[in-house]
Amino acid sequence: MITKHNLSTDSTQQGHDTVLKTHTNSQQLVTGTLALSVFTAVLGSLEFGYNIGVINAPQKIIEADYNATWVHRHGEPIPTGTLTSLWSLSVAIFSIGGMLSSFCVGFISEWLGRRKAMLINNLLAFIGGSLMGLSKLCRSFEMMIFGRFIIGAYCGLASGLTPMYVGEIAPTSLRGALGTLHQLAIVTGILIAQILGMESLLGSEDLWPVLLGLTVVPTVLQMALLPFCPESPRFLYIVRCQEHHAKSGLRRLTGRLEVGDMLAEMKEEKRRMDMERKVSILELFRSPIYRQPMIISILLQLSQQLSGINAVSCTSLTPFCSYLQLFLVERMGRRTLHMLGLGGMCISAIIMTVALALLDSVPWMSYISMLSIFGFVAFFEVGPGPIPWFFVAELFSQGPRPAAMAVAGCSNWTANFIIGMCFQSVAELCGPYVFLIFAALLLFFLIFTFFRVPETRGKTFDQIAANFNQHSAGGMMDMDLDKPSTELDYLGEDSIN
Ligand SMILES: *[C@@H]1O[C@H](CO)[C@@H](O)[C@H](O)[C@H]1NC(C)=O
C-alpha cells in the first residue's frame, strides 16, 4: 500500500518504477521470525503499561492493608499523614527506578547486546513482581515499595530496549508501523491492568497481591520466546563487527537469501560511524553536531509527559486510537502526526476547561467535557504518545543512539515524576483552569515541532543524520540524488506536506 501510494504521487518518475517496486516490496515482507521477534520484544512494553495502570485501581484497598500492617506492628492505627506519604512513595518510586535505569540503557544494551539485555532485564521484573505479590503475605509495605522500585527499574530498561530492538530489526519501510506496536502494547497493558483491577476481578482485598504479582506472566513468556529471536543484525554488524552473524540474522528476519542491499546500508552507516568517535552522554551535549537533534529529542519527550495525559485517567479507549495510529504513521509521517496530535490535544484541553468552568450553570456541559476528554486521549495516541520515541531512535545513527536514548528516557521519566508529584497540588490551586496550563504547553510544543523538527519517515538513519549536517550547510537536495533507492519516499513526502 505504501509503495503504491508513493508511486502514484509522482508520475514523472515512471522510469524508476520497476526497480523501486521490487525493492520496496521485498522490504515489506513480514516473516514469521520478524513477527515473533517484534511480538516478544513488545511483551516488555505490555508489562510496562501493565505496571503503569495497575497501581490506581486498588489504592484504597492497599492503603487499608498498610494500615492493618501498622496496627499489627505498633498496636495503633496509622497516622493519616504517614499513610499518604507511604502511598505516594509506593507510586512515585516507580518513576525513580525508571529514571535511574533508563540512564543505563545505552551501557547495558552495548555490553550485553539487545537480546541478552532484554533477557536479563526480566530478572528485575521477576524480583519486583514477586516482592509486590508477597508483600501482603509478609505484612511488609517495605517489600511493596522496594518491589515498585525494582519494577520501575525494569520498565526504565524495557522502555529503552524495546524500541531500540524493534527499530533495529525492522526494515526501513516498516519501521514506523512496527515501532507503533510499542505504544500499542503499552496502552493494551494499561487496559488489561484496568480490567483486571476491577473489584469483581482481582482488585479485591484478598486478590490484589495476585493483581500485582501477575506482572511476572509476560516476563516468563518473554524469557521463553527470546531464545528464538535473532539478535539485532544492526547491533551485531555495527557494534560487534560480526558480519557473518549479522547476515544470518538478516536472512532469518527478511526471509530472503540475498540481503546484500541491507548489509550495504549498514556497511555505509558503519563506515561513517568508524569515522566519528564513540559518543558518550557528556559529548552528546557538548558536540554541536548533536545539539539540535538532542534538543528535539528532549523537548519531544517533554511534550509527551507535559501534555497533561497523566492528569486524565480515562485511558480505556486508547488501544483503538493506537490501531488507527498504526496505519497512519507510515502514510502521514511522524512530524505531521505529532503536530496533529498536539494541536488536537490543545483544542481539546481548551474545550475541556470551558466545559468544566460552565459545568455548574449549564448541565449538558458534562457531555462536552466527556467528549473533550476522549478527544484529548485520542489525539495523545495519535501524536505525543508514540511519536517521541520514533524520533529518538531515528534522529541518531548507531554511534550516539544509545546515549541519546538514555538521555531521552531519563528526561521522560523525570517529567513523569515531576507531573506525578506536582499535579495534585497544582490542580487544587487552579481548579478547572489547570488544563489551560497544559494547553499553553501544548501550543508551545506545537510551534516548536513546526519550526524545528524534521520529517524522518522512510529515511535511513544516515540520511536523517546527513539532513542535520546538510541543513546547516543549506543543501538538502543533494541527498535525494545520490540515494535513488529511497527517492520516491521523499517525493511521497513532499507531495503530502
Ligand atoms: C486504620 O484502621 C483502623 C481500624 O483498625 C481505623 O479505625 C482507622 O480509621 C484506619 N486509619 C486510616 C488512616 O485509614
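Colleague: In the side chain of which residue does an N or O atom lie 2.3 Å from an oxygen atom of the ligand, and how should I read such a pair?

Modeller: A polar contact is a pair of N or O atoms within 3.5 Å, and here the ligand oxygen has its partner in the side chain of Asn67, at 2.3 Å. The ligand taken alone exposes 370 Å², of which the protein buries 41% (Shrake-Rupley areas with a 1.4 Å probe). This is a predicted model, in which local features need pLDDT of at least 70 and side-chain atom pairs count only at pLDDT 80 or more, while totals for chains, interfaces and linings use all residues. Residues are numbered from 1 along each chain as its sequence is written, and side-chain values use heavy atoms, with hydrogens and water left out.

Colleague: Which residues surround the ligand, and how many of the shell are nonpolar, polar or charged?

Modeller: A residue belongs to the surroundings if one of its heavy atoms lies within 4 Å, and those around the ligand are Asn67, Pro77, Ile78 and Leu83. By class, this shell has 3 nonpolar residues, 1 polar residue and no charged ones (Pro, Ile and Leu count as nonpolar; Asp, Glu, Lys and Arg as charged).

Colleague: How many salt bridges does the structure hold, and what does Glu168 pair with?

Modeller: Side chains of opposite charge can pair when their charged atoms come close. With a salt bridge taken as a side-chain nitrogen of Lys or Arg within 4 Å of a carboxyl oxygen of Asp or Glu, the structure holds 12. Glu168 pairs with Arg114, their closest N and O atoms being 2.9 Å apart. Because Glu168 lies in helix α8 (residues 141–169) and Arg114 in helix α7 (residues 114–134), the pair ties together parts 54 residues apart in sequence (helices are DSSP runs of H or I, at least four residues, numbered from the N terminus). Both Glu168 and Arg114 are buried (under 20% relative accessible area), and a network of salt bridges links these two residues with Glu110.

Colleague: Which residues form salt bridges with Glu394, and is Glu394 buried or exposed?

Modeller: Glu394 meets Arg175 at 3.1 Å between the closest N and O atoms. Arg175 lies in helix α9 (residues 175–196) and Glu394 in helix α20 (residues 387–395), so the pair ties together parts that are 219 residues apart in sequence. Glu394 also forms a salt bridge with Arg334, at 2.7 Å from N to O; this pair links distant parts of the chain, with Arg334 in helix α18 (residues 334–357), 60 residues from Glu394. Glu394 counts as buried, at 2% relative accessibility, and Arg175 is buried at 5%.

How values were computed:
A polar contact is a pair of N or O atoms within 3.5 Å; within protein, one must be able to donate a hydrogen and the other to accept it, and residues adjacent in sequence count only if both atoms are side-chain atoms. Helices (H or I, at least four residues) and strands (E, at least two) are DSSP runs, numbered from the N terminus. Buried means under 20% relative accessible area, exposed over 50%, partly exposed in between (1.4 Å probe, protein chains only).
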